[in-house]
Amino acid sequence: MAEDDSIQGAEPAVVLAANAVVACNEAARAEGVRRGMRRRDAQSRCPELRLVEHNPDRDARMFEPVLAAVEELRPGVAPLRPGLLAVRAPGRFYGGEESAGALIAERLVRAGVWDCRIGVADDLFTAEQAARRAGPQETVVVEAGGSAAYLRELPVSVIDDDDVAGLLRRLGLRTLGDFARLDADDVQARFGGYGAKVHRLARGEDESLLGARTPPPDLECQIRFEPPLDTVEAVSFSVRQTAERFVAQLAGRGLVCTEVLVEAECDHEVASSRVWAHSRWFGAADLVDRVHWQLRGQLRHTQGVTKPVELVRFVPDTVEPAGAHAAALWGGGTDERVERAVARVQGMLGPHAVTVPTVQGGRAPADRQALVPWGERPVGLRPVDLPWPGSLPPPAPVRVFAEPRPVVVVDDRGQLVWVSERGVVSAPPARFRAVRQPVPAGRVTRRADAVPDGLGDGWQPVSAWSGPWPVEELWWENPASWVARFQIVTVDGHAWLMTCADDGWWVEAGYD
């Protein structure tokens with residue numbers, strides 16, 4: 001599908017979701033394309049139609065500046081869907097509804113929205129139909145009490161439901177006026193509650209209320225230095241009050257910041273930018289420290305910054321309710337000195353210099369381990385709640401070897417135990433022995449370096465075992481990817497997770 005930034009204004013284009021049209025521009029509507037059409041029907045009407053994949057997040061981001069522009073003129077904007085909004089007409093304040101519409105259109109053009117159409121009516125449905133029949137930057141005003149008369153001659157296809165519109169046409173009702181003349185009780189009996197609602201829309205009696213949104217607060221804080229400062233210490237000292245104001249305005253709304261974007265501008269350009277994360281929440285002193293470490297670390301200057309800093313900005317990247325981070329009754333949490341030390345190391349060496357382990361989805365114990373930078377939320381990890389066929393039953397092993405340890409597993413007759421591709425064990429495991437690993441030449445080592453950790457020296461009798469659990473992963477990349485896992489318990493009470501593959505037996509992990 002085409003990218004939305006590659007489509008020209010006069011080129012017919014539609015947005016598709018589940019192989020159906022959810023939005024179309026004016027050029028596509030002129031060719032007979034309508035919302036709700038199947039992809040094949042839309043392309044039959046307009047073969048040169050450009051297709052754009054439905055992306056609600058992208059649409060909401062692109063529509064946000066439009067909402068903000070209208071909110072500057074009239075608070076209480078209700079976003080109906082990306083591309084369509086409703087607001088109570090500010091006609092009396094701006095000298096009439098047409099004047100208010102012209103002012104809104106002018107503000108939107110300044111925001112980069114050239115094709116904006118405005119409709120004014122007593123109800124939402126009529127106002128939307130009036131806007132659809134307006135020209136670019138035009139306002140269509142339906143007189144007070146005139147909604148029914150305005151809708152009377154419109155075709156039933158304006159109803160945003162192809163099934164209902166098709167049924168009405170089959171019944172011989174071609175316009176909304178034909179449908180509106182039917183008795184309300186008969187419509188209720190024939191079409192049910194949904195049909196009665198559509199009937200009220202056709203009569204200009206839409207009772208929908210505006211769900212006005214609350215404008216998002218501007219939580220960022222910045223400080224501009226005149227003249228610009230050329231030392232890290234001077235910048236760090238000067239941002240303290242701004243950091244306190246940043247924390248205070250969040251606290252006034254019952255919020256705390258757990259991730260913050262710190263930006264420093266030099267010569268009207270962002271010279272240093274980084275998102276800092278905190279395992280709890282940022283205080284004013286934490287923000288000052290991050291500014292100091294960031295300027296020293298990212299701008300690579302030990303005594304001062306490379307260019308004078310003229311602006312420092314704090315932008316909250318993630319905010320959470322303060323109640324979720326309240327101190328426990330008996331204390332607890334991470335030592336503040338540890339927090340500061342780790343954050344300083346990350347400021348000098350990068351966020352991946354200090355990592356903490358976390359659990360992700362996977363079959364093998366090593367696959368379930370992941371390292372996440374200290375203080376950051378794990379992202380991009382495999383979901384834990386998926387089935388993961390072939391994964392181990394609980395409990396999970398306590399110690400997972402970075403490199404599997406080779407062992408030899410034999411039966412009562414001393415023959416090597418093996419597993420067929422159908423998962424059949426040749427004989428019950430009776431004992432196993434760790435394979436000595438070669439010690440690098442010239443290395444002074446103890447005996448434990450030659451024998452795998454905790455596996456002992458010599459043969460270990462097996463008291464119990466379970467398995468196998470055959471697993472075949474990435475067979476299209478590695479034909480020898482088939483393994484069978486076993487849980488084996490020795491007579492001394494130790495339990496091990498072992499795998500049997502084409503290249504022998506290996507110990508992957510140990511149980512407590």
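**Strand pairing, barrel and buried positions in a predicted model**

Strand 16 and strand 17, the latter spanning residues 482–490, are paired in the antiparallel sense over eight bridges. Within this pairing, Trp-465 has Ile-488 of strand 17 as its bridge partner. The model described here is predicted. In general, the strands of a sheet pair through backbone hydrogen bonds, in either a parallel or an antiparallel sense.

Strand 16 (residues 459–472) also pairs with strand 15 (residues 431–434), again in the antiparallel sense, over three bridges. In this second pairing, Arg-431 stands opposite Pro-461 of strand 16. Further along the chain, seven bridges join strand 18 (residues 495–501) to strand 19 (residues 504–511), and the sense is antiparallel. Here Met-498 is placed opposite Val-507 in strand 19.

These pairings belong to a wider arrangement. Six strands form a closed barrel in the order 14-15-16-17-18-19, with antiparallel pairing. From one strand to the next, the twist averages 45 degrees.

Gly-504 is a residue of strand 19. Its relative accessibility is 23%, and Gly-504 therefore counts as partly exposed, since that class lies between the 20% limit for buried residues and the 50% limit for exposed ones. In sequence, Gly-504 and Val-408 are 96 residues apart, yet their C-alpha atoms are 7.6 Å apart in space.

The chain as a whole contains 13 helices and 19 strands. It has 512 residues, of which 39% count as buried. The accessible surface of the chain comes to about 29600 Å², and carbon and sulfur atoms account for 52% of that surface. Among contacts between residues at least 6 apart in sequence, 51% join residues at least 24 apart.

Two helical positions illustrate buried sites. Val-291 lies in helix 12, which covers residues 284–298. Because its relative accessibility is 2%, Val-291 counts as buried. Beyond residues up to four places away in sequence, Val-291 touches Val-235, Val-239, Val-262, Val-312 and Phe-314. Glu-263 is 28 residues from Val-291 along the chain, and the C-alpha atoms of the two are separated by 8.7 Å.

The second position, Gln-129, is found in helix 5 (residues 124–132). With a relative accessibility of 3%, Gln-129 likewise counts as buried. When its neighbours within four places in sequence are left aside, Gln-129 is in contact with Tyr-150, Leu-151, Leu-154 and Val-158.

Cysteine residues were also examined. The structure holds zero disulfides, as no pair of cysteine sulfur atoms lies within 2.5 Å. Cys-116, at 6% relative accessibility, falls under the 20% limit and so counts as buried. Cys-266 counts as buried too, because its relative accessibility is 5%.

How values were computed:
Residues are numbered from 1 along each chain as its sequence is written. This is a predicted model: local features need pLDDT of at least 70, side-chain atom pairs count only at pLDDT 80 or more; totals for chains, interfaces and linings use all residues. Side-chain values use heavy atoms; hydrogens and water are left out. Buried means under 20% relative accessible area, exposed over 50%, partly exposed in between (1.4 Å probe, protein chains only). Two strands pair if DSSP finds at least two bridges between them. Helices (H or I, at least four residues) and strands (E, at least two) are DSSP runs, numbered from the N terminus. Contact means heavy atoms within 4.5 Å. Axes are lines fitted to C-alpha atoms, for helices over the stretch in contact, and angles run from 0 to 180 degrees between N-to-C directions. Accessible areas come from the Shrake-Rupley method with a 1.4 Å probe; for residues, only the protein chains shown count as cover.
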